[in-house]
Amino acid sequence: QVQLVESGGGLVQAGGSLRLSCAASGSIFSINDMGWYRQAPGKQRELVARINSGGSTVSADSVKGRFTISRDNAKNTVYLQMNNMKPEDTAVYFCYAEVTTKDRYGMVYWGKGTLVTVSS
């Protein structure tokens, strides 16, 4: 079993910052991609950013220059530093990890989500 637990969500004013963390635990052999999606009310879930085990990143155009994704492989943890936040960043943020265990290769696990609200 693999679990992902997010933390760091909350309420912030426009222009402010938040840092999300997501720690993976369980019977983990290795993790390839880790990342963050978000889902705003009435909208589809969208990719925010992802990072592979080598540190290569991909970010949505809407967050480039404002959000930074990073990870600590030793801690199986991914972070999302969000700066200069905008009301349109309001959403539930979900982390995911592509995990290899001794039984399964490359299975994607999801966290339960953390709410981020940006007030104008």
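This report walks through one predicted model, from its sheet and core to a ring cluster and two aspartates.

## The open sheet

Four strands build an open sheet. Their order is 1-3-8-7, and the pairing is antiparallel. Strand 1 and strand 7 stand at the edges. Each has a single partner strand, so one side of each lacks a neighbour in the sheet. Neighbouring strands here are turned against each other by 15° on average, direction ignored.

Inside the sheet, strand 3 and strand 8 run antiparallel. Six bridges join them. Ser21 stands opposite Tyr79, a residue of strand 8.

## The nonpolar core

The largest nonpolar core holds 30 residues. Which residues have the most contacts inside it? They are Trp36, Leu80, Met82 and Tyr93. Many strands feed this core with two or more residues each, including strand 1 (2–7), strand 3 (18–26), strand 4 (30–39) and strand 5 (46–51). Strand 7 (67–72), strand 8, strand 9 and strand 11 (114–119) are also among them. The largest share comes from strand 9, with five residues.

Leu80 shows how far such contacts reach along the chain. Setting aside neighbours within four places in sequence, Leu80 touches Leu18, Arg19 and Leu20, among others. Its contacts also include Trp36, Val48, Ala49 and Tyr93. Phe67, Thr68 and Ile69 are in contact with Leu80 as well.

## Three rings in a cluster

The structure holds three aromatic pairs. In one of them, the ring centres of Tyr37 and Trp110 lie 5.4 Å apart. Their planes meet at 65°, so this pair is edge-to-face; the cut-off is over 60 degrees. The pair links distant parts of the chain: Tyr37 is in strand 4, Trp110 is in strand 10 (residues 107–110), and 73 residues separate them. Tyr37 counts as partly exposed, at 25% relative accessibility. Trp110 is partly exposed too, with a relative accessible area of 39%.

Trp110 also pairs with Tyr96. That pair is tilted, with 5.5 Å centre to centre and 40° between the planes. Tyr96 sits in strand 9 and Trp110 in strand 10, 14 residues apart. Tyr96 is buried, with a relative accessible area of 8%. Ring pairs thus link Tyr37, Tyr96 and Trp110 into a cluster.

## Asp89, in a loop

Asp89 lies in the loop between strand 8 (77–82) and strand 9 (91–100). Is this residue buried or exposed? Asp89 has 0% relative accessibility, so it counts as buried; the cut-off is under 20%.

Which side chain does the side chain of Asp89 meet in a polar contact of 3.0 Å? The partner is Arg38. Leaving aside neighbours within four places in sequence, Asp89 is in contact with Arg38, Arg66, Phe67, Val116 and Val118.

## Asp61, in another loop

Asp61 is found in the loop between strand 6 (57–59) and strand 7. Asp61 is exposed, because its relative accessible area is 66% and the cut-off is over 50%. Its side chain makes a polar contact of 3.2 Å with the side chain of Lys64.

Ala49 gives a reference point for this loop residue. Asp61 and Ala49 are twelve residues apart in sequence. In space they are 9.7 Å apart, C-alpha to C-alpha.

Conventions:
Residues are numbered from 1 along each chain as its sequence is written. This is a predicted model: local features need pLDDT of at least 70, side-chain atom pairs count only at pLDDT 80 or more; totals for chains, interfaces and linings use all residues. Side-chain values use heavy atoms; hydrogens and water are left out. Buried means under 20% relative accessible area, exposed over 50%, partly exposed in between (1.4 Å probe, protein chains only). A polar contact is a pair of N or O atoms within 3.5 Å; within protein, one must be able to donate a hydrogen and the other to accept it, and residues adjacent in sequence count only if both atoms are side-chain atoms. Contact means heavy atoms within 4.5 Å. A nonpolar core is a set of buried Ala, Val, Leu, Ile, Met, Phe, Trp, Tyr and Cys residues joined through side-chain atoms within 4.5 Å. Two strands pair if DSSP finds at least two bridges between them. Axes are lines fitted to C-alpha atoms, for helices over the stretch in contact, and angles run from 0 to 180 degrees between N-to-C directions. Rings of Phe, Tyr and Trp (its six-membered ring) pair if their centres lie within 6.5 Å; planes under 30 degrees apart count as stacked, over 60 as edge-to-face and the rest as tilted.
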